[in-house]
Amino acid sequence: MSNEENSDIPDVPRIVLYGNDILRKECSSVDEGENIDKILIEMMATMYSFGGIGLAAPQIGELKNIIVWDNEWIKSKKKYESVNIMINPKVIELSDEEIPMIEGCLSLPGLEGVIYRARKIKLEYENVNKEIKTEEFLDVDVRVILHEIDHLSGKLFIDRLSEKDRSEIVNQLVMIRQSQKKKQALSI
Ligand SMILES: [Zn+2]
């Protein structure tokens, strides 16, 4: 969002809400040598302060292929200890077996829905030291990773809901959209 372009890491982390076009855009790759420290710090701070277990860069207004996630901290109460930073993540294998889980999203507050996704994936990504890693993930980890990777191409979990489930949340979507517009208007 343009009004925050020249600020450093904000005291109050921001989150881009449904209704903002940024969430529907395609992200670009992080280049070698590109400094993304500020983005990473802000992404982690935002994820933790909003009580999330994953966040994609567009959710703080950065159209970059970066995700962060931490499936442990809500139980362990320890922030940053088990955080995963994935730069330019790419799914290279996806199991045919799919499982349902309930998903929500920090950009769609108050909404959740049952989504089917692969149970197992093989992923290629760069870690925080820009080393290329290939790793397999299962179950809840896959869930968070695929949800966040969707964000990098402008997809949201609501796009994957069944028609019936989606029709049931239309009113809530309109409300989030309107609150997003109000927010934008106040910050000009
Ligand atoms: Zn999300």
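In the predicted model, strand β6 (residues 120-126) is joined to β7 by seven bridges, with the two strands paired in the antiparallel sense. Within this pair, E124 lies opposite T134 of β7. The two strands constitute a hairpin in which five residues separate β6 from β7; in the turn, K130 adopts a positive phi of about 65°. None of the seven residues of β7 is buried, so this strand lies largely in the open.

The hairpin belongs to an open sheet of five strands, ordered β1-β2-β3-β6-β7, with antiparallel pairing. The edges are occupied by β1 (54-56) and β7 (132-138), each of which has a single partner strand, so one side of each is left without a neighbour in the sheet. From one strand to the next, the twist averages 40°. In general, the strands of a sheet pair through backbone hydrogen bonds, in either a parallel or an antiparallel arrangement.

At the other end of the strand order, β1 and β2 run antiparallel and are connected by three bridges, and A56 is placed opposite I67 of β2. Strand β2 also pairs with β3, again in the antiparallel sense, over four bridges; here V68 has I85 of β3 as its bridge partner. Both faces of β2 are covered. On one side I66 and V68 are buried, and on the other I67 and W69 are likewise buried. Beyond its neighbours within four places in sequence, I67 is in contact with G54, A56, M86, P89, E148 and I149.

Two helices pack on the sheet. Helix α1 (residues 37-49) touches β1, β2 (66-69) and β3 (84-94), and its direction makes about 40° with that of β2. Helix α3 (residues 139-152) touches β1, β2, β3, β6 and β7; the angle between its direction and that of β1 is about 20°.

The largest nonpolar core comprises 32 residues. Those with the most contacts inside this core are M43, A57, I67, V68, W69 and I145. At least two core residues are supplied by each of α1, β1, β2, β3, β6 and α3. The greatest contribution comes from α3, which provides six residues. Residue I67 thus appears in several parts of this description: I67 is among the residues with the most contacts inside the core, is buried on one side of β2, and stands opposite A56.

With respect to the overall fold, the protein chain contains five helices and seven strands, which follow one another along the sequence in the pattern α-β-β-α-β-β-β-β-β-α-α-α. The radius of gyration of the protein chain is 16 Å, close to the 16 Å given by the globule rule for 188 residues, so the chain is as compact as a globular protein of that length. The C-alpha trace spans about 45 × 45 × 35 Å along its principal axes. Of the 188 residues in the protein chain, 28% are buried. Among contacts with a separation of 6 or more, 64% involve residues 24 or more positions apart.

Technical notes:
Residues are numbered from 1 along each chain as its sequence is written. This is a predicted model: local features need pLDDT of at least 70, side-chain atom pairs count only at pLDDT 80 or more; totals for chains, interfaces and linings use all residues. The radius of gyration is taken over C-alpha atoms; the globule rule is 2.2 Å times the number of residues to the power 0.38. A residue is buried if 20 or more other C-beta atoms lie within 10 Å of its own, exposed if 12 or fewer, and partly exposed in between; C-beta atoms are placed from the backbone. Two residues are in contact if their C-beta atoms, placed from the backbone, lie within 7 Å. Two strands pair if DSSP finds at least two bridges between them. Axes are lines fitted to C-alpha atoms, for helices over the stretch in contact, and angles run from 0 to 180 degrees between N-to-C directions. A nonpolar core is a set of buried Ala, Val, Leu, Ile, Met, Phe, Trp, Tyr and Cys residues joined through C-beta atoms within 7 Å.
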